[in-house]
Structure formats: C-alpha cells, structure tokens
Amino acid sequence: MRLWLLRHAQTDADPGVCFGSTDISVSVEATQALARQIAPLIPADAAVSCSPLQRCAELALAIEAIRPELAASADTRLAEMDFGAWEGREWSAISRAEFDGWIGNFADAHPGGTGESTRQFMRRVGDAFDEWQISERDGFWITHAGVIRATQLLARGVRVAMRAEHWPQAPIEFGECILIEV
C-alpha cells in the first residue's frame, strides 16, 4: 500500500514565526499552482484526506475542482501540532529555557506551556495512520510538515519520539510530496 503525503503551499506567515495549529492562509495563486501541478499525479483510486486548516483544506478543494473524483475528507488528526503559547511568536523570541524544557522532555512536555506533547501528537497522527493501514487502500494526505515527519516515524514502527534527536530533521519544502510504502 502507498500513502502520499503532500505539504501545503507556502503560507503567508512571516519567516521565523512559530505556527502549527494557527490557521495561517496561503495565497490563492500558490494554492492553484500547486493543485495544477499535483492533481494529475494522484491515483484515481486513492482515498484523499486533508487537514481542516485552511492551508490544506483550500488546496484539497482546488485539487477537487480539477479532479472531482478526488473529493477529500477533512480529518482533524491530520492538523499540525499545537505549540500552545508559542503560536504566532518568532522562534527567536522563545527563551532558551522554555525551548530546552521542551527538548529535555521531548515526548511529554507541552510546548508553549499549553501545547500538544509529541506523544499526544504522534498518538493522534498514529490513529489516522492505523486507520489508513486497515483500509488496505492507497491514500493521499494533504497536510503539514509535522504530520509528515510523524508519519515517517510511524511507518518505521516508532510510535513516539522519546528524544528530540529521534525526530526527522530533513527539510520538507512547501508543496513537497513524499511517498510512504508499507
């Protein structure tokens, strides 16, 4: 079985700003351009799901306008990680002590004090991943870099990243599509 993971187009967020669960917009032009590029490549029989955040949901609608048979279902489990009080702040403005506190207890600390722990995040994404595997059907997710990284770990059998250095570090570009085969 195959699962394609597509990261949404470039957002309108300022560079260096922490945004996970914040519903950041993407320009219509960037969304349309990515939809035109990707829509022809999606297998007709793939089950398409998307994060409900507008940067993914609008891309799903743009793809559906090109290929109506690819109507996506929104899945909250595919939303980006919640960084709590860090949302909307520049990464450089987050104190070293706050950041180190999260990194020091990577699986269970809550970023931004009230955010989602890595364990909680991976459990949520893992539920969607497990459901996809049970379906025995190719899938196509329109989602976020964090969800893609979590899914890469899940595909290797890792249910939680206990240490920050276990988290995938390779950059995932806006509009990048990654294939996972299991």
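The following paragraphs describe the sheet, the helices packed on it and the nonpolar cores of a predicted model.

The sheet of the predicted model is open and consists of five strands in the order β3-β2-β4-β1-β5, with mixed pairing. Its edges are formed by β3 (73-74) and β5, each of which pairs on one side only. Strands of a sheet pair through backbone hydrogen bonds, and the pairing may be parallel or antiparallel. Both arrangements occur here: β1 and β4 run parallel and are joined by five bridges, and β2 and β4 likewise run parallel, with four bridges between them, whereas β1 and β5 run antiparallel and are joined by five bridges. Individual residue pairs illustrate this register, in that L5 stands opposite W141 in β4, S49 also stands opposite W141 in β4, and L6 stands opposite C177 in β5.

Strand β4 is mostly covered, since five of its five residues are buried. Of these buried residues, G139, W141 and T143 point one way from the strand, while F140 and I142 point the other way.

At the edge of the sheet, strand β5 contains I180, which is buried with a relative accessible area of 7%. Because a residue counts as buried when its relative accessible area is under 20%, the value of 7% places I180 in that class. Setting aside residues up to four places away in sequence, I180 touches M1, R2, L3, L5, T151, Q152 and A155. One of these contacts, T151, is separated from I180 by 29 residues in sequence, yet the two C-alpha atoms are 8.5 Å apart in space.

Helix α2 (residues 54-66) has 13 residues, which at 1.5 Å a residue should span 18 Å, and the 18 Å between its end C-alpha atoms agrees with that expectation. Its buried residues are R55, C56, L59, A60, A62 and I63. These residues lie on the same side of α2, because they cover an arc of only 165° around the axis. In an α-helix there are 3.6 residues a turn, so residues three or four places apart point the same way. The face of α2 turned away from the buried side carries the exposed residues L61 and A65. The partners against which the buried residues of α2 pack are β1 (2-7), α1 (28-38), β2 (47-50) and β4 (139-143). With respect to the sheet, α2 lies across β1, β2 and β4, and runs at about 135° to β4. Helix α4 also packs on the sheet, where it touches β1 and β4, and its direction makes about 160° with that of β4.

The packing between α1 and α2 can be followed through T31, a residue of helix α1. T31 is buried, its relative accessible area being 4%. Apart from neighbours within four places in sequence, T31 is in contact with A9, V26, E58, L59 and A62, and of these L59 and A62 are among the buried residues of α2.

Helix α4 comprises 18 residues and reaches 26 Å from its first C-alpha to its last, close to the 26 Å expected at 1.5 Å a residue. Buried positions along α4 are T118, F121, M122, R124, V125, G126, A128, F129 and W132. The elements that cover these residues include β1, α3 (96-104), β4 and α5. Just after α4, E136 takes a positive phi of about 55°.

The largest nonpolar core has 30 residues, and those with the most contacts inside it are W102, F121, M122, W141 and W167. At least two residues of this core are supplied by each of β1, α4 (118-135), α5 (145-155) and β5 (177-181). Apart from this core lies another, of 20 residues, with W4, A39, A62 and I142 among them. Returning to the largest core, W167 touches F106, T118, F121, M122, G146, R149, A150, L153 and A161, residues up to four places away in sequence not being counted. Among these contacts of W167, T118, F121 and M122 are buried residues of α4.

Note on methods. Residues numbered from 1 in each chain as written. Predicted model: local features only at pLDDT ≥ 70, side-chain atom pairs only at ≥ 80, totals over all residues. Heavy atoms only, no water. Expected span 1.5 Å × (residues − 1). Buried < 20%, exposed > 50% of the residue type's maximum accessible area, 1.4 Å probe, protein only. Arc of directions from axis to C-beta. Contact = heavy atoms within 4.5 Å. Core = buried A, V, L, I, M, F, W, Y, C linked by side-chain atoms within 4.5 Å. Pairing = 2+ DSSP bridges. Axes fitted to C-alpha atoms, helices over the stretch in contact; angles between N-to-C directions.
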